[in-house]
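Please find below a reviewer's note on the model under discussion. The points are numbered for ease of reply.

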Number of protein chains: 2
Amino acid sequence: MTDRFATRAGEVELGFDPADHTDAGVHFIGEIHTPWSVGDCPRNVRAARESGKGAEIVLKPDFVPGLEGLEVGQAVILIYWMYAARRDLIRQSPKHVEETRGTFALRSPVRPNPLAMSAVRITGIDLETGRVEIDAIDCFDGTPLVDIKPWVETIDVPPVSC
Amino acid sequence: MTDRFATRAGEVELGFDPADHTDAGVHFIGEIHTPWSVGDCPRNVRAARESGKGAEIVLKPDFVPGLEGLEVGQAVILIYWMYAARRDLIRQSPKHVEETRGTFALRSPVRPNPLAMSAVRITGIDLETGRVEIDAIDCFDGTPLVDIKPWVETIDVPPVSC
């Protein structure tokens, strides 16, 4: 165990690892190539974007036909699997947050299902090889990709008020 | 098999079911109670919102402390598991789309990993029971919930241009 997995004061563990009791299975469709590894990964996609460094998705061959209809310049949501994050903290204290908070009130990768998502723009696409260049992303090189969805304002932006 | 699972002209099957070859496991954290079932489910969250009908999340007891820090009026992203959708179409022709398109260019629930996501607003929250009321959602009653994340404009809205 490294320090990354130490439980800090005020944090609450579930008492079980959700990875040991699963209800459905995820099939990785490809992976994300990024400039980032442990220690230098930006905290979120905005910080990644500010670095000026892009990234690239490489789909597994079976899934390449699923890209048809996507275009350079289009905004998409990527859903990726934060494989290095523990899954058993239900209250936590990320480094940049003062107090302890519930996991569902945070964008921390530490969560029962370590799915992360960011809205990005396609900067290049090759429908033959299944390579998609994107403007930025905030995950380690080699992070497994779970889904690509077109970003749709009426689904992905909440109403101003209810 | 019902007609819902018939492959239409121009659609392309993967040749395997991603559910049979999984790389990681999802643990359902609760379920979503909605007014919708097969036949009357809105096509997307905007249509659900226009119906004027809200919905409610009920978390499993272990996960209730994870809500702390969320508030009424706050926007969150829900990630839910479209359990009734097939996973093996990589090109498809949804009813409302004229031509066949790649799965990743569509928001269809039919995809290798049947994760859906919508940005919604919290209209009520009970930190004791783990019940969260939301303004609207576009899934069947009883749909499993996979994650709740605070909606963050700098992560969830793409840059205007690259």
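The points that follow treat confidence, symmetry, interface, sheets, two individual residues and the nonpolar core.

1. Basis and conventions. This is a predicted model, in which local features need pLDDT of at least 70, side-chain atom pairs count only at pLDDT 80 or more, and totals for chains, interfaces and linings use all residues. Residues are numbered from 1 along each chain as its sequence is written, while chains are lettered from A and ligands numbered from 1 in the order in which they are written.

2. Confidence. Chain A has an average pLDDT (the predictor's confidence in each residue, from 0 to 100) of 93, and 97% of the residues score at least 70. For the complex, the predictor gives an ipTM of 0.94 and a pTM of 0.95. Where pLDDT is low, the predicted coordinates should not be read in detail.

3. Symmetry. A turn of 180 degrees with a shift of 0.0 Å along the axis lays chain B on chain A with an RMSD of 0.0 Å. This is the relation of a two-fold axis. The superposition is by least squares on the C-alpha atoms of residues with pLDDT of at least 70 in both copies. Among the residues of chain B, G25(B) comes closest to the rotation axis, with its C-alpha at 2.2 Å.

4. Interface. Contact (C-beta atoms, placed from the backbone, within 7 Å) links 61 residues of chain B with 61 residues of chain A. On the side of chain B that touches chain A, the elements that give two or more residues are β2 (24-26), α1 (45-50), β5 (75-81), β6 (89-92), β7 (101-102), β8 (115-126), β10 (143-150) and α2 (153-156) of chain B. The helices (H or I, at least four residues) and strands (E, at least two) are DSSP runs, numbered from the N terminus. The residues of this side of chain B comprise 34 nonpolar, 13 polar and 14 charged. In this division Ala, Val, Leu, Ile, Met, Phe, Trp, Tyr, Cys and Pro count as nonpolar, Asp, Glu, Lys and Arg as charged, and the others, Gly among them, as polar. The copies meet through the same surface, because 100% of the interface residues of chain B are also interface residues in chain A.

5. Strand pairing between the chains. Strand β2 (residues 24-26) of chain A is joined to β2(B) by three bridges, and the two run antiparallel. Here A24(A) stands opposite V26(B). Two strands are taken to pair if DSSP finds at least two bridges between them.

6. The three-stranded sheet of chain A. An open sheet has the order β1-β6-β7 in chain A, with antiparallel pairing. Its edge strands are β1 and β7 of chain A, each of which pairs on one side only. Two bridges join β1 (residues 12-13) to β6 (residues 89-92) of chain A, with L89(A) as the bridge partner of E13(A). Two bridges likewise connect β6(A) with β7 (residues 101-102) of chain A, where R91(A) stands opposite G102(A).

7. The sheet in chain B. Three strands of chain B form an open sheet in the order β1-β6-β7, again with antiparallel pairing. Between β1(B) and β6(B) there are two bridges, and E13(B) stands opposite L89(B).

8. R91(A). Is this residue of strand β6 of chain A buried or exposed? R91(A) is buried (20 or more other C-beta atoms within 10 Å; exposed means 12 or fewer, and partly exposed in between; C-beta atoms are placed from the backbone), because 20 other C-beta atoms lie within 10 Å. Leaving aside residues up to four places away in sequence, R91(A) touches E11(A), V12(A), T100(A), R101(A), G102(A), T103(A), P65(B) and E68(B).

9. L14(B). This residue lies in the loop between β1 (12-13) and β2 of chain B. L14(B) is partly exposed, with 18 other C-beta atoms within 10 Å. Not counting residues up to four places away in sequence, L14(B) touches D62(A), D88(B) and I90(B).

10. Nonpolar core. The largest nonpolar core (a set of buried Ala, Val, Leu, Ile, Met, Phe, Trp, Tyr and Cys residues joined through C-beta atoms within 7 Å) has 84 residues. Those with the most contacts inside it are L78(A), I137(A), V146(A), L78(B), I137(B) and V146(B). Beyond residues up to four places away in sequence, V146(A) touches residues including V26(A), F28(A), N113(B) and L115(B).

Methods
Contact = placed C-beta atoms within 7 Å.
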